[in-house]
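Work through the following exercises with the sequence and the coordinates at hand, and try each task before reading its solution.

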Amino acid sequence: MSTKQKIQIPRGLKDVLPDEQKYWFWLENNFYSVASMAGFERIILPTFESTNLFKRSVGEFTDIVSKEMYVFKDKSGNSMALRPEGTAGVLRAYIEHGMHALPQPIKLFYWGPMFRYDRPQAGRFREFWQFGLEVLGDPNPLCDALVIQTVVKYHSKLGLKDVVVKINSLGTTKSRAKMISALTRFLSKHKKDLCANCQRRLKINPLRVLDCKTSKCRSITEETGTVLIDNLDEVSKKRFTKVLEYLDDMQINYELDPGLVRGLDYYTHTVYEVIVRGNKDLAIGGGGRYDGLIEQLGGPDVAGIGYAGGVERTINALKEQAVNIPNMIQSDVFVIQLGAKAKIKSIKVINDLDRVGLRVASSIGSIRAQLSEASKMNTPLTIIIGEQEVYDKNVILRDMKDRSQETILDRNLVKMVIKKLEEKGINVKPLSYD
Ligand code: HAM
């Protein structure tokens, strides 16, 4: 291969270019704010962990672990995997740092990249980002409703409309076993019509047949109807009813979905997905309860529930609904300079404005580039400095809204900028000025 040949981004990966950043900033900032207000604390975890962590939590026979995980041996021969999701790492850290000895529940949130060797298509990448919440140590049904409420609040804060929560219950581990036998009996009747993969799944992990996307299997699984929920035991049914009552009290828009099982093995009781209604319903995130999983990973018998949303899919939904994203990096004034002498003067002007605590933006590009940047940043005021203004010891102050311009003497500039901003109702808190 020629060394000059262009190297392209690997399939399924993407660059997030400057134009997209406002969405990422909007999602990340709002997530930190909503999660923190709801009492969650941030955790940052490694992007790869020992392969066994995911086998023992997400499940060895799930598509995620058996087909989609990036697995490699490190130089010591240990098997490592790029994390395909965030829950397993959070639980590993909870156990490892003895968080169960602290007052419960422990509420954690995370934001970061996940990796799955999925078939790339619209909204599906091999490296994608998730925002996630996990509550550990609270088995109460109210906790399920509160997590869902936080998730719904976040989406509404983002400006998304037509958000629906699809919800189901898989019951206790015991009840789940009964549901799986009923499902196995149902699917066995159609065994010969299932794809080869699902015939194998039917033997080792029948719930996963419900994840199959082939039309052949779908036409069978769509007939599953209420097989699962009909086999839910009384205790689990009661618990689920409580969750739904709390959601009613909170006026959360939910829909029962008796076929919802989610593609990961660790769920018990409540499972749910967040859907954005549109031309085509778009699933942007999902979660559920996983009582028993912490114990399964070598920790104490502690309950847990969580949620993870896809950043890229949520951004797609915002774009589809044409939600207006405010510019989160607001500046008060943009300084434009024309020519070498003006550039030097602009350094002093920027410094003077900076010193009193104003948010000053500038750029060193061509005039066109500077003007386009100023309009993109949506600053209320622009200062223009040309050669003439250098000699006359003044600048042009332009109001970006009504496009009026006036010439201001250098010595009056800071005062004048603050006055203009205050007239516009922009609350500037200058550090000091004469
Ligand atoms: P999940 O349903 O596997 O759940 O993933 C959650 C979300 O991540 C999906 O709804 C989707 O938005 C996004 N996502 C998944 N795969 C891709 C992909 N290939 N490309 C783009 N986005 C993707 C979990 O990961 C669980 N850990 C959620 C959870 C937290 N359950 C309890 N706590």
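## Backbone exceptions and their surroundings

K393 counts as exposed, at 56% relative accessibility. The model examined here is a predicted one.

**Exercise 1.** Determine what sign phi has in K393, and state where K393 lies.

*Solution.* Begin with the backbone: phi of K393 is near 55°, a positive value in a residue other than glycine. Most residues other than glycine have a negative phi. Next, locate the residue, which lies in the loop between helix 15 (387-392) and strand 15. Finally, consider accessibility: K393 is called exposed because its 56% relative accessible area is over the cut-off of 50%.

**Exercise 2.** Carry out the analysis for N378: find its phi, its place and whether it is buried or exposed.

*Solution.* The first step gives a positive phi of about 60° for N378, although N378 is not a glycine. The second step places N378 in the loop between helix 14 (367-377) and strand 14. In the third step, the relative accessible area of N378 comes to 52%, so that N378 is exposed.

**Exercise 3.** Describe the peptide bond from Q104 to P105 and the element in which P105 lies.

*Solution.* Omega of the bond from Q104 to P105 is near 0°, and the bond is cis. Most peptide bonds are trans. As for its setting, P105 belongs to the loop between helix 4 (87-96) and strand 5.

**Exercise 4.** List the buried residues of helix 16, identify what they pack against, and examine the residue that follows the helix.

*Solution.* Within helix 16, which covers residues 413-423, the buried residues are L413, V414, M416, V417, I418, K420 and L421. Their packing partners are helix 13 (340-355) together with strand 14 (381-385), strand 15 (394-399) and strand 16 (405-409). After helix 16 comes G425, whose phi is positive, near 80°.

**Exercise 5.** Identify the residues that gather with R119 in a patch of positive charge, and locate R119.

*Solution.* On the surface, R119 gathers with R11, K213 and R218 in a patch of positive charge. R119 is placed in the loop between strand 5 (106-115) and strand 6 (127-136), and R119 is exposed, with a relative accessible area of 59%.

**Exercise 6.** Locate M250, find its contacts beyond four places in sequence, and give its separation from T3.

*Solution.* M250 lies in the loop between helix 10 (234-249) and strand 8 (254-256). Once neighbours within four places in sequence are left aside, M250 is in contact with L142, A145, L146 and Q149. M250 and T3 are 247 residues apart in sequence, and the distance between them, C-alpha to C-alpha, is 61 Å.

Definitions and conventions. Residues numbered from 1 in each chain as written. Predicted model: local features only at pLDDT ≥ 70, side-chain atom pairs only at ≥ 80, totals over all residues. Heavy atoms only, no water. Patch = residues over 30% accessible without salt bridge, like charges linked within 9 Å, V, L, I, M, F, W, Y side chains within 5 Å. Areas by Shrake-Rupley, 256 points an atom, 1.4 Å probe, with all protein chains shown as cover. Salt bridge = Lys/Arg side-chain N within 4 Å of Asp/Glu carboxyl O. Lys, Arg positive; Asp, Glu negative; His and termini not counted. Charge placed at Lys NZ, Arg CZ, Asp CG, Glu CD. Helix = DSSP H or I, 4+ residues; strand = E, 2+ residues; numbered from the N terminus. Buried < 20%, exposed > 50% of the residue type's maximum accessible area, 1.4 Å probe, protein only. Contact = heavy atoms within 4.5 Å.
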